[in-house]
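Open the model in a viewer and keep the selection panel at hand. The tour goes from one selection to the next.

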Amino acid sequence: MSESDDPIERLLGAAPLRPHDSGFTRRVLRALPPSSRIAADGRSTFVLASRAGLVLALLVAAQRWLVAGAGSVETLLALLLFLAPALAAASRLCGPLIPRSFWRVFRLGERHWR
Amino acid sequence: MLIARVVHDDDRAAFGELVRRHQPVIRGFLRRMLGGNRDLADDLAQETFIKAHRGMRGFRGGAAFPAWLCAIATNELRAEWRRRKRRAEFSEDEAGEERATQAAEPGLQRDIGAGLARLSEAQRAALVLCFEHGFTHDEAAAALGCPVGTLKSHVARGKARLREWLEA
């Protein structure tokens with residue numbers, strides 16, 4: 001508003017009440033809910049790290065299997081014992097390793113055609 | 001720019017800057033409306049900024065940002081008044097506390113506060129926004145959720161009552 005001749009307007013404009021302090025800004029920022037971006041970033045980092053770890057484990061297991069003489073029943077059993085819980089845990093933590101849409105291909109026969 | 005950073009990146013530093021810039025208007029407005037009760041005014045101001053953060057995507061940019069914030073603050077005020085009415089315990093204690101905080105203000109502030117306390121809530125809000133915080137009539141009307149004509153009438157009546165009080 002521009003400078004006014006009205007005494008009421010001048011009175012109100014002369015001493016505006018404008019409280020200001022950095023403590024209030026900090027208080028508001030502290031009261032905000034946690035940032036969704038940080039949470040999402042953290043989750044995707046965790047997912048990527050888990051998947052990379054799983055791929056490495058599979059590579060190591062395949063290499064051991066080759067070295068130990070591929071085809072031996074004991075090695076295959078040991079591998080399965082190791083891989084089954086590893087795969088189950090990984091898919092529970094970071095979602096299915098193979099997209100669900102892939103498995104739908106095999107479920108065509110289950111549809112109830114009308 | 002700051003608003004876009006808050007909306008798209010949930011940038012806390014940008015929101016802190018918005019709070020830093022606009023807190024004088026929001027806190028000042030709420031203090032005037034609550035008769036100088038600093039603690040309650042700051043609580044409502046904090047709630048206003050938290051709700052603004054939550055609803056920032058809804059800010060269309062049509063109204064000025066301070067007017068949009070004031071509209072949220074006005075809703076908070078109305079909710080507070082409703083709570084008080086429901087509790088029916090806006091007791092002498094609370095009123096006394098408000099008078100005490102008002103008395104702690106320096107001379108001119110106290111006089112302005114005392115004069116504004118004689119006005120209706122709508123008149124007080126209109127005068128504070130237009131002449132203390134420099135809102136245009138359009139912005140003040142948007143902040144208070146009333147037509148511009150109604151706001152102008154609150155301003156005129158408020159000024160007349162304040163003038164009577166000053167001359168008495």
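**Helix α8 of chain B and its surroundings**

In this predicted model, begin in chain B by selecting α4 (65-87), α7 (121-132) and α9 (148-167), which are among the elements that cover the buried residues of α8(B). Now add helix α8 itself, residues 137-144 of chain B: six of its eight residues are buried, so the helix is largely enclosed by the rest of the structure. To see which ones, pick B:Glu139, B:Ala140, B:Ala141, B:Ala142, B:Ala143 and B:Leu144. Step on to B:Gly145, just after α8(B), where phi is positive, at about 70°.

Next, colour chain B by pLDDT: the average is 85, and 85% of the residues score at least 70. Where pLDDT is low, the predicted coordinates should not be read in detail.

**Chain A**

Select chain A and show it as a cartoon. Its five helices come with zero strands, and the order along the sequence reads α-α-α-α-α. Of the 114 residues in chain A, 5% are buried.

**Where the chains meet**

Show both chains and select the contacts between them: 23 residues of chain A touch 29 residues of chain B. On the chain A side, the elements giving two or more residues are α1 (7-14), α2 (22-31) and α3 (36-67) of chain A. Colour that side by residue class to find 14 nonpolar, five polar and four charged residues.

For the complex, the predictor gives an ipTM of 0.79 and a pTM of 0.65.

Definitions and conventions
Residues numbered from 1 in each chain as written. Chains lettered and ligands numbered in written order. Predicted model: local features only at pLDDT ≥ 70, side-chain atom pairs only at ≥ 80, totals over all residues. Contact = placed C-beta atoms within 7 Å. Helix = DSSP H or I, 4+ residues; strand = E, 2+ residues; numbered from the N terminus. Nonpolar A, V, L, I, M, F, W, Y, C, P; charged D, E, K, R; others polar. Buried ≥ 20, exposed ≤ 12 C-beta atoms within 10 Å, placed from the backbone. pLDDT = per-residue confidence, 0-100.
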